[in-house]
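Hi everyone, thanks for making time this morning. I'd like to walk you through one model, mostly by way of charges and backbone geometry.

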Amino acid sequence: MSTAADCDRPSTDATVRTEVFWGVDCGSAEIKVAALDREGRLLTTRRCRTLFPLVEHVHRSLAGQGDELSAIADGDRDRLPADGRQPGLRPGHKVFATGYGRHHIGFVQGQLTEIKAHYLGVQHQLRLQQDYTIIDIGGQDAKVIRATPSRVEQFAINRKCAAGTGAYIEELAHRLEVPMQELPRLAAAHDKDLTLNSYCTVFSGQEVIKLLMHGERVENLIHALYRSVVKRVLEMTAIDTDTLVFSGGVMSHHPILVPLFAERFDEVRTILAPNAQFCGALGAAIHGMNEESDDGLPNHQ
Amino acid sequence: MDVSPMDVKQVMRDYFVDLGEAAKDPGRKVAWCTSVGPAEILRAMGFAVYFPENHGALLGATRVSTDTIPIANAHGYSPEICSYLTSDIGACLKGVTPLSKAYGLDSVPRPDVLVYCTNQCKDVMHWFSWYARRWNVPLLGIHPPNHLPEVLPEHVADVAAQYRRMIGRLEAITGTLLDLEALRLAVARSREATDLWEAVLNTARARPAPLSFFDGVIVMGPIVVLRGTQAATDYYRALLAELQGKVVARQAAVPGERLRIYWEGMPVWGRLRHLSDLFANNRATVVASTYCNSWIFSDFDAAQPLDSMARAYLKIFINRDDAYKEAYIERLAGEFGIDGVVYHAARTCPNNSNSYYNLPQRLAARGIPGIVVDGDLCDLRCFSDEQSTTLIEAFLETL
């Protein structure tokens, strides 16, 4: 018999077979959610802005609306977590978290870093059989992950500042007074290669203003902004690979970056991961599946 | 902290209370000394010795530095230079010290002489110069050759000659001549204490390790500030016995130890608890570090006090070339069974940050993986809890 108190705890009944593995990627800009069935098939993805209290917005994403798939137990679906009370999960559902907010969601069954999550999400979808490198650009950081078919071998994260991340693109779009979604189209219309030099988002903004005052076209500045993102990422670590995979929200919304990266290599195969923005959430769900298999080996291949 | 915290607190309390008394006693002299400066000479000449770097660490650990660094910055000391310096000068300008709350001192003890050695960096010279100007106190510097691949007899002779010149000036301040036997005794005591300190650190070779880096930076107080005294020797003898007991009992600093990590570079003083918990939560023990090992001086020899001091203080890790540092870390990685190295790139301490010249990549190529964490010893403006957590956790995931 379940009681009200039971609803305060995540469902962890070992006798109930897990049917749905949920991954939540709590990023700086957006919360991404993905659900997989036992065979690793993608059931649904959702995203919303990262707002606070974080746990309420994660709850809403997992609960869905109306007939949507819900991870949250029926009795708790409309009852937001408050005062430390954790929602119950539906029997057969488990939730795993990644992203900067991963430690702040009390009702998940496990956590992992974005590095491993993006790797698992990419490898689950692409099932690559050779070594490769993932470039993931998120809202507040950029990551370069050197991977093999079975593990993360090495990684680098941008240091100290936001240049080369989503926050950088957002700030400069704001300076240029151009809506974010217009950036790729405008960049494609560039007719000159300009360079933004600064490491610093604020100083880059000043460079942009100076160039505007000299009469440069906005299209050229936006193209320069994208090239600057590529430069910032490539200076993080030496990349020696013949396969580059891109993941993350920035790559998903600004696919123009893919050829800009490619032109910096002599010969490289580039792949924009399917569901690029959800690779972290997918990886968190895969991590949950791996945890349950408990043999220490990835069971997603 | 699981290792004799009360004992070390008492040893440090006795030291600071004595310093406070010395500063008020017209019959005693106070010398300020850099942390790897020639403390044995000062002790042998009867000075009460105060170490401003220890004060810098206290300012960082208590996070008082968060308020005092900006004051020094505003007075022309750049945010890019040593944050021990800026923490300490800012604290002096503000008239605060954690020594008041911890040990009842009204202020840091006013010096009769300032003695620095640039074997670690040049910032200590600028730091002590500020006090020399402010209080019109004699400033004596030892300027050894730096970044040595090998310590040669001519290097030792150079530094020993500088010691002799300095002793003459110190004798003028005390009004008495250096007693060579007193110097031999101080050097012998330093040697004994440092050998015991090395043995203490080496207990972490055991699996599981009975102490971690985060214990080490607490219990290292006496080897920094009490070299050349019996108190340091007594403390480390007792601590070693305690840790040896823990090794036998298989008592772990981090229960369930799964990974063994080397910490390269300075501590992040204001985030010791955060980092200690982070490693422990991931069942990783930081079993060895360049920082704690920097107070092992195996060259001290009472039979040749000045030459052996010169050799010992020239040979320190921070004063060596990159090939030496690489070989040193590789050796310790083997001896301590290290799974990976965390390199702390301290923004304001480039001299003690060894990730800037490709060292992590060279060691990784030889099977010792590493990750670079940006931060600082005292300036928390340069440290991100979130980014460092993700970096370290992701690194531990890959091991």
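I'll go through salt bridges, then some charged residues without such partners, and then the backbone. Please keep in mind that this is a predicted model.

Let's begin with charge pairing. Side chains of opposite charge can pair when their charged atoms come close. Over all chains, the structure holds 37 salt bridges, and I've picked a few for today.

In chain A, D76(A) and R79(A) form a salt bridge, with their closest N and O atoms 3.0 Å apart. D76(A) has a relative accessible area of 1%, so it counts as buried, while R79(A), at 37%, is partly exposed. Another pair in chain A is R232(A) with E235(A), whose side chains meet in a salt bridge at 2.7 Å, N to O. Here the arginine, R232(A), is buried at 8% relative accessible area, and E235(A) is partly exposed at 41%.

Now over to chain B. R362(B) forms a salt bridge with D322(B), and the closest N and O atoms are 3.0 Å apart. This pair links distant parts of the chain: R362(B) sits in helix α17, residues 359–365, and D322(B) in helix α16, with their positions 40 residues apart. R362(B) has a relative accessible area of 23%, which makes it partly exposed, and D322(B), at 24%, is partly exposed too. Which residues make up the salt-bridge network here? They are D322(B), E326(B), E330(B), R362(B) and R366(B).

What about a buried charge with no salt bridge? Have a look at E171(B), in helix α8, residues 153–174 of chain B. E171(B) is buried and has no salt bridge; R164(B), the nearest side chain of opposite charge, is 11 Å away. Beyond its neighbours within four places in sequence, E171(B) is in contact with M45(B), T176(B), L177(B) and L178(B).

At the surface of chain A, D131(A), D240(A), D242(A), D266(A) and E267(A) form a negative patch. One of them, D242(A), lies in the loop between α6 (218–234) and β9 (243–247).

Next, R320(B), which is found in the loop between α15 (305–314) and α16 (322–335) of chain B. Buried or exposed? R320(B) is buried, because its relative accessibility is 7% and the cut-off for buried is under 20%. Its C-alpha atom is 5.8 Å from that of P149(B), although the two residues are 171 apart along the chain. Setting aside neighbours within four places in sequence, the contacts of R320(B) include H147(B), L148(B), P149(B), E150(B) and V151(B), as well as L314(B), K315(B) and K325(B).

Let's finish with the backbone. The peptide bond from F52(A) to P53(A) is cis, with omega near 5 degrees, and P53(A) lies in the loop between β3 (42–49) and α1 (54–63). In chain B, a cis peptide bond joins R207(B) and P208(B), with omega about -5 degrees. P208(B) is in the loop between α9 (180–202) and α10 (213–219).

Then there are positive phi values in residues other than glycine. N136(B) has phi near 55 degrees and lies in the loop between α7 (123–135) and β4 (139–142). At 71% relative accessibility, N136(B) is exposed. R250(B) also has phi near 55 degrees, in the loop between α12 (230–248) and β5 (259–264), and is exposed at 58%.

That's my tour, so over to you for questions!

Technical notes: Residues are numbered from 1 along each chain as its sequence is written. Chains are lettered from A and ligands numbered from 1 in the order in which they are written. This is a predicted model: local features need pLDDT of at least 70, side-chain atom pairs count only at pLDDT 80 or more; totals for chains, interfaces and linings use all residues. Side-chain values use heavy atoms; hydrogens and water are left out. Patches are made of residues with over 30% relative accessible area and no salt bridge: like charges are joined within 9 Å, nonpolar side chains (Val, Leu, Ile, Met, Phe, Trp, Tyr) within 5 Å. Accessible areas come from the Shrake-Rupley method with a 1.4 Å probe; for residues, only the protein chains shown count as cover. A salt bridge is a side-chain nitrogen of Lys or Arg within 4 Å of a carboxyl oxygen of Asp or Glu. Lys and Arg count as positive and Asp and Glu as negative; His and the chain ends are not counted. The place of a charge is taken as NZ of Lys, CZ of Arg, CG of Asp or CD of Glu. Helices (H or I, at least four residues) and strands (E, at least two) are DSSP runs, numbered from the N terminus. Buried means under 20% relative accessible area, exposed over 50%, partly exposed in between (1.4 Å probe, protein chains only). Contact means heavy atoms within 4.5 Å.
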